[in-house]
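Colleague: Before I rely on this model, could we go through it together, from the overall fold down to single residues?

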Amino acid sequence: RVYNLPEGNRTAKGRSIRNLIQIDAEDRVRAVIALKKEDFRDEDFLNTHFVLMATKRGLVKKTALSAFRRPMVTGIIAIDIVDGDQLIEAHLTNGDREVILGSSGGRAIRFHEGDVRSMGRKSRGVRGMRIEDSEHIVGMIAVRRDGAQVLTISENGYGKRTDLDEYRQQTRGGKGILTQKTTSKTGGLVALKSVLDDDQLMIATEGGIMIRMAVEDISSQGPNTPGVRGLRLKEGAATRAGA
């Protein structure tokens with residue numbers, strides 16, 4: 001329950017998640033989905049909504065929310081992860097979302113959620129995007145809002161917005177298209193988000209520094225561009241997430 005999470009100020013260290021839920025020492029939290037208690041009492045809601053997951057190596061999986069109605073104290077299996085792979089993101093969907101996956105090499109693919117059939121909790125999923133061995137998936141968007149744009153952020157603080165229409169719809173499993181031109185100056189892609197003009201953006205570095213800015217202040221550009229610098233980093237620092 002959310003009220004069991006400790007409140008703290010901006011600079012507070014926080015409390016280990018292992019004090020709240022029982023997970024293995026090598027496990028890491030990769031995604032959080034907030035749901036109302038009433039949702040788990042609504043059979044129609046449980047059977048028409050899904051947890052959509054993506055892995056580092058480009059697999060996607062969709063499982064009905066009803067499969068998670070009876071969690072255990074130690075948690076339950078949500079996806080079978082093979083060696084060398086890991087879960088990177090999870091979203092609650094209604095089965096009819098446009099999905100975009102982005103890779104560290106600056107490519108992205110757009111496909112309809114209907115291309116991914118619903119599976120049981122213990123399955124691995126299907127290929128959502130084909131990537132090079134040197135690349136990995138950095139983020140997944142399940143578009144929820146009309147007029148949303150795709151925001152991309154690179155390792156060295158470069159970012160831009162691109163209209164969703166610039167991403168042609170494909171079938172899952174392809175290599176996608178270039179979404180942000182990555183160079184030694186920009187670094188690889190690290191984040192992919194769905195935004196509107198009136199949203200606020202927060203960019204964090206691996207050293208714990210955060211900058212807040214208005215999304216409308218970030219340039220809107222086509223896919224085959226490097227973007228503009230949104231955060232000036234100290235030497236050796238890098239952005240690791242955008243939200």
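Modeller: What follows is a set of questions and answers on a predicted model.

Colleague: How many helices and strands are there in the protein, and what is its radius of gyration?

Modeller: The protein contains 1 helix and 15 strands. For 243 residues the globule rule gives 18 Å, and the computed value is close to that, so the protein is as compact as a globular protein of that length. The radius of gyration is 18 Å.

Colleague: What share of the contacts in the protein with a separation of 6 or more comes from residues 24 or more positions apart?

Modeller: The C-alpha atoms fill a box of roughly 45 × 45 × 35 Å along the principal axes, and 40% of the 243 residues count as buried. Within that box, residues 24 or more positions apart account for a share of these contacts that comes to 71%.

Colleague: Which residue in E3 is the bridge partner of Leu 52?

Modeller: Strand E3, residues 87–93, is mostly covered, with 5 of its 7 residues buried. Strand E1, residues 50–55, pairs with E3 in the antiparallel sense over 6 bridges. In E3, the partner of Leu 52 is His 91.

Colleague: Which strands are the edge strands of the open sheet of 4 strands?

Modeller: The order of this open sheet is E7-E4-E5-E10, and its pairing is antiparallel. An edge strand here pairs on one side only, and that holds for strand E7 (137–143) and strand E10 (177–178).

Colleague: And which residue of E10 is the bridge partner of Arg 107?

Modeller: Strand E5, residues 107–112, and E10 pair in the antiparallel sense over 2 bridges. The partner of Arg 107 in E10 is Leu 178.

Colleague: Is Phe 68 buried or exposed?

Modeller: Phe 68 lies in the loop between strand E2 (59–64) and E3. Leaving aside neighbours within four places in sequence, Phe 68 is in contact with several residues, among them Phe 40, Val 51, Ile 76 and Arg 121. Its relative accessibility is 14%, and the cut-off is under 20%, so Phe 68 counts as buried.

Colleague: Why does Ile 17 count as partly exposed?

Modeller: Ile 17 is placed in the segment before helix H1 (43–48). Together with Val 2, Leu 5, Ile 21, Val 29 and Val 32, Ile 17 forms a nonpolar surface patch with about 550 Å² of accessible area. Partly exposed covers the range between 20% and 50%, and Ile 17 counts as such because its relative accessibility is 31%.

How values were computed: Residues are numbered from 1 along each chain as its sequence is written. This is a predicted model: local features need pLDDT of at least 70, side-chain atom pairs count only at pLDDT 80 or more; totals for chains, interfaces and linings use all residues. Side-chain values use heavy atoms; hydrogens and water are left out. Buried means under 20% relative accessible area, exposed over 50%, partly exposed in between (1.4 Å probe, protein chains only). Two strands pair if DSSP finds at least two bridges between them. Contact means heavy atoms within 4.5 Å. Patches are made of residues with over 30% relative accessible area and no salt bridge: like charges are joined within 9 Å, nonpolar side chains (Val, Leu, Ile, Met, Phe, Trp, Tyr) within 5 Å. Accessible areas come from the Shrake-Rupley method with a 1.4 Å probe; for residues, only the protein chains shown count as cover. A salt bridge is a side-chain nitrogen of Lys or Arg within 4 Å of a carboxyl oxygen of Asp or Glu. The radius of gyration is taken over C-alpha atoms; the globule rule is 2.2 Å times the number of residues to the power 0.38.
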